[in-house]
Every structure is written in C-alpha cells, then in structure tokens.
Amino acid sequence: MKKSSLFLSVMMLLFIGGQTYAQETVPKELLLSTLNSVAELKLPNEKVTQLMDYNTGFVDKVYDILDNDSEEKIKKGSLDGLNYAREKDLHVFLTKHETTQYLKLMEDALKPLTKQDKLLKQIAKRP
C-alpha cells in the first residue's frame with residue numbers, strides 16, 4: 001500500500017513538474033494579427049497591404065522553424081537569421097524610418113507573446 005501511494009505521489013509530481021515547464025505555443029493567427037496591427041504608424045493603404053502580405057509569409061517561415069524537430073539552439077539561430085532578413089525585406093516597400101518605427105512597435109507589441117513562447121524573443125528584438 002505504501003509503495004503504491006509513494007509511486008502515485010512521484011508520478012503526480014513528475015506530471016505537475018512537466019506541465020509547469022512545458023512551453024505554451026502562441027497560435028499562428030495571434031502572431032499574425034499582432035504583426036499586422038500597424039494602425040498607429042499611419043502608413044498608406046498600399047504599404048499596409050504589402051506589409052500584411054509579407055507578414056503572412058514571415059509567420060509561415062517562423063512556424064516552419066518552431067515546428068521542426070531541431071534543438072532549441074538551432075531554432076534560435078534560424079529565427080535570428082530570419083529576423084535579420086526581415087529588416088532587409090521590409091526596406092523593399094517601407095522607408096528606413098518606417099521600418100525602424102515598425103520594428104520598434106513590434107518589439108513592444110510582441111512582449112506578451114514572448115512570455116508564452118520564449119523562442120519568439122528572437123523575432124521580437126530588433127536586429
């Protein structure tokens with residue numbers, strides 16, 4: 001009897017401990033809507049449309065990285081590279097000033113999401 005209750009207690013602790021450290025994933029739609037929330041930048045409609053189209057592809061790439069079976073260190077490196085490329089890509093249709101404003105806005109907007117998924121810090125910071 002003692003052995004079974006001890007075994008049950010240990011199993012319960014392991015289960016609870018595993019749940020505590022499990023990383024919560026951010027829904028893809030939430031990340032995309034956060035990246036597309038740019039109303040305060042007062043960009044022309046054409047640029048907003050281009051940005052939203054770009055963000056759709058960007059989020060797909062982010063989740064391709066997050067969903068693969070690589071080690072966390074490799075995922076971080078891949079996300080860093082993607083983040084660096086994003087700044088260059090944004091310069092195609094946004095000015096340097098607009099890009100800086102957008103990345104600063106996203107750095108602040110993504111903070112709550114980075115608390116849910118620590119790997120998102122790699123795309124929340126400015127390169």
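A residue counts as buried when its relative accessible area is under 20% and as exposed when that area is over 50%, with partly exposed in between. Keep these cut-offs in mind while touring this predicted model, because Y54, one of the stops below, has a relative accessible area of 17% and is therefore buried.

**The whole chain**

Begin with the chain in a cartoon view, where the secondary structure comes to seven helices and zero strands. Of its 127 residues, 33% count as buried. If you switch on the surface, you are looking at about 8600 Å² of exposed area, of which carbon and sulfur atoms supply 59%. Contacts also tie together parts that lie well separated in the sequence: among those between residues at least 6 apart, 70% join residues at least 24 apart.

**The nonpolar core**

Next, select L31, L35, L51, V62, L90, Y102 and L120, which touch the most other members of the largest nonpolar core, a set of 30 residues. At least two residues of this core come from each of α2 (28-35), α3 (45-67), α4 (72-90), α5 (96-109) and α7 (121-124). Which helix gives the largest share? Colour α3, since that helix supplies nine residues of the core. In general terms, nonpolar side chains in soluble globular proteins tend to be buried together.

Now centre the view on L35 and show what surrounds this residue. Apart from neighbours within four places in sequence, L35 is in contact with N55, F58, V59, R86, Y102, M106 and L110.

**A cluster of rings**

Stay with F58 and add Y54; both lie in helix α3, four residues apart, which is about one turn of the helix. An α-helix has 3.6 residues a turn, so residues three or four places apart point the same way. The rings of Y54 and F58 form a stacked pair, with 6.1 Å from centre to centre and 20 degrees between the planes. F58 is buried, because its relative accessible area is 2%.

Then add F93, whose ring forms a tilted pair with that of Y54, at 6.2 Å centre to centre and 55 degrees between the planes. This second pair links distant parts of the chain, for Y54 is in helix α3 whereas F93 is in the loop between α4 and α5, 39 residues apart. F93 is buried as well, with a relative accessible area of 14%. Seen together, Y54, F58 and F93 are linked by ring pairs into a cluster.

**Helix α4 and its two sides**

Select α4, a helix of 19 residues that reaches 26 Å from its first C-alpha to its last, close to the 27 Å expected at 1.5 Å a residue. Are K75, L79, L82, N83, R86 and L90 in this helix buried or exposed? These residues of α4 are buried. Turn the model until you look down the axis of α4, and you will find the buried residues within an arc of 105 degrees, so they line one face of the helix. The cover over them includes α2, α3, α5 and α7. On the other side of α4, K73 and K88 are exposed.

**Last stop: D108**

Finally, move to D108 in helix α5. D108 counts as partly exposed, because its relative accessibility is 39%. Draw a distance from the C-alpha atom of D108 to that of A124: these residues are 16 apart along the chain, and the two atoms are separated by 8.0 Å.

Note on methods
Residues are numbered from 1 along each chain as its sequence is written. This is a predicted model: local features need pLDDT of at least 70, side-chain atom pairs count only at pLDDT 80 or more; totals for chains, interfaces and linings use all residues. Side-chain values use heavy atoms; hydrogens and water are left out. A nonpolar core is a set of buried Ala, Val, Leu, Ile, Met, Phe, Trp, Tyr and Cys residues joined through side-chain atoms within 4.5 Å. Buried means under 20% relative accessible area, exposed over 50%, partly exposed in between (1.4 Å probe, protein chains only). Contact means heavy atoms within 4.5 Å. Accessible areas come from the Shrake-Rupley method with a 1.4 Å probe; for residues, only the protein chains shown count as cover. Rings of Phe, Tyr and Trp (its six-membered ring) pair if their centres lie within 6.5 Å; planes under 30 degrees apart count as stacked, over 60 as edge-to-face and the rest as tilted. The expected span of a helix is 1.5 Å times one less than its number of residues. The arc is that of the directions from the helix axis to the C-beta atoms.
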